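Here are my notes for you as you read through this structure. Please keep the sequence and the 3D view open beside them, and check each point against what you see.

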Amino acid sequence: MFNLKALQRNKTLKYGVPMLLLVVGGSFGLREFTQIRYDAQKIRKKLDPSLEARVNVQNQAVVLEEQYEKLKEKNLDDWKNIRGPRPWEDSRQYQEQQRSR
């Protein structure tokens, strides 16, 4: 009985042990939750071919050649610089004005 009262008055057991359990238990809990987060991101993540080529060096040359072929087909000498609308301007009305010019 005497030892039980002495243990109840001990500040290390009263405050230190629960705090230590909270820190260690929280660390394990956070590890599980973050693992779930990263697993869900892997499932949801789907790369388009251009990004996948950036990651995979073997496919990178093929994508660069495709882009070069697309650029060869376009006429880069006859282009027109069209300014985008300002925040206070109506974007649809401004775009129609630019297209009509």
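**Notes on the predicted model**

1. The protein contains 5 helices and 0 strands, and, read from the N terminus on, its elements follow the order α-α-α-α-α. Please keep in mind throughout that this is a predicted model.

2. How far the prediction can be relied on is the next matter to consider. The mean pLDDT of the protein is 80, and 80% of its residues reach 70 or more. Which helix has the lowest confidence, and which the highest? Helix α3, covering residues 49-55, is lowest with a mean of 66, whereas α2 is highest at 88.

3. Turning to the surface, 4% of the 101 residues of the protein count as buried, where buried stands for a relative accessible area under 20%. The protein exposes about 10200 Å², and carbon and sulfur atoms supply 57% of that area.

4. A record should be read together with the model here. UniProt, in an unreviewed entry, lists residues 12-30 as "transmembrane region", and you should remember that such annotations may be inferred rather than shown by experiment. In the model, the chain over residues 12-30 is 100% helix and 0% strand, with its end C-alpha atoms 25 Å apart.

5. Which residues form a nonpolar patch on the surface? They are Met19, Leu20, Leu22, Val23, Val24 and Phe28, which together have about 610 Å² of accessible area. Met19, a member of this patch, is found in helix α2, which spans residues 11-44. Met19 counts as partly exposed because its relative accessibility is 49%, and the partly exposed class lies between the limits of 20% and 50%.

6. The structure holds 2 salt bridges, and some background may help: side chains of opposite charge can pair when their charged atoms come close. One salt bridge joins Arg31 to Glu32, with the closest N and O atoms 3.5 Å apart. Both partners fall into the partly exposed class, since Arg31 has a relative accessible area of 48% and Glu32 has one of 46%.

7. In the other pair, the side chains of Lys72 and Glu69 meet in a salt bridge, at 3.8 Å from N to O. Why are Lys72 and Glu69 separated by about one helical turn? The reason is that they lie 3 residues apart in helix α4, which runs over residues 57-73. Glu69 counts as partly exposed because its relative accessibility is 39%.

8. Finally, please look at Arg99, which is found in helix α5, residues 91-100. Is Arg99 buried or exposed? With a relative accessibility of 65%, Arg99 counts as exposed, because that class begins over 50%. Along the chain Arg99 and Ile82 are 17 residues apart, and their C-alpha atoms are separated by 8.9 Å.

Note on methods
Residues are numbered from 1 along each chain as its sequence is written. Side-chain values use heavy atoms; hydrogens and water are left out. Helices (H or I, at least four residues) and strands (E, at least two) are DSSP runs, numbered from the N terminus. Patches are made of residues with over 30% relative accessible area and no salt bridge: like charges are joined within 9 Å, nonpolar side chains (Val, Leu, Ile, Met, Phe, Trp, Tyr) within 5 Å. Accessible areas come from the Shrake-Rupley method with a 1.4 Å probe; for residues, only the protein chains shown count as cover. A salt bridge is a side-chain nitrogen of Lys or Arg within 4 Å of a carboxyl oxygen of Asp or Glu. Buried means under 20% relative accessible area, exposed over 50%, partly exposed in between (1.4 Å probe, protein chains only). pLDDT is the predictor's confidence in each residue, from 0 to 100.
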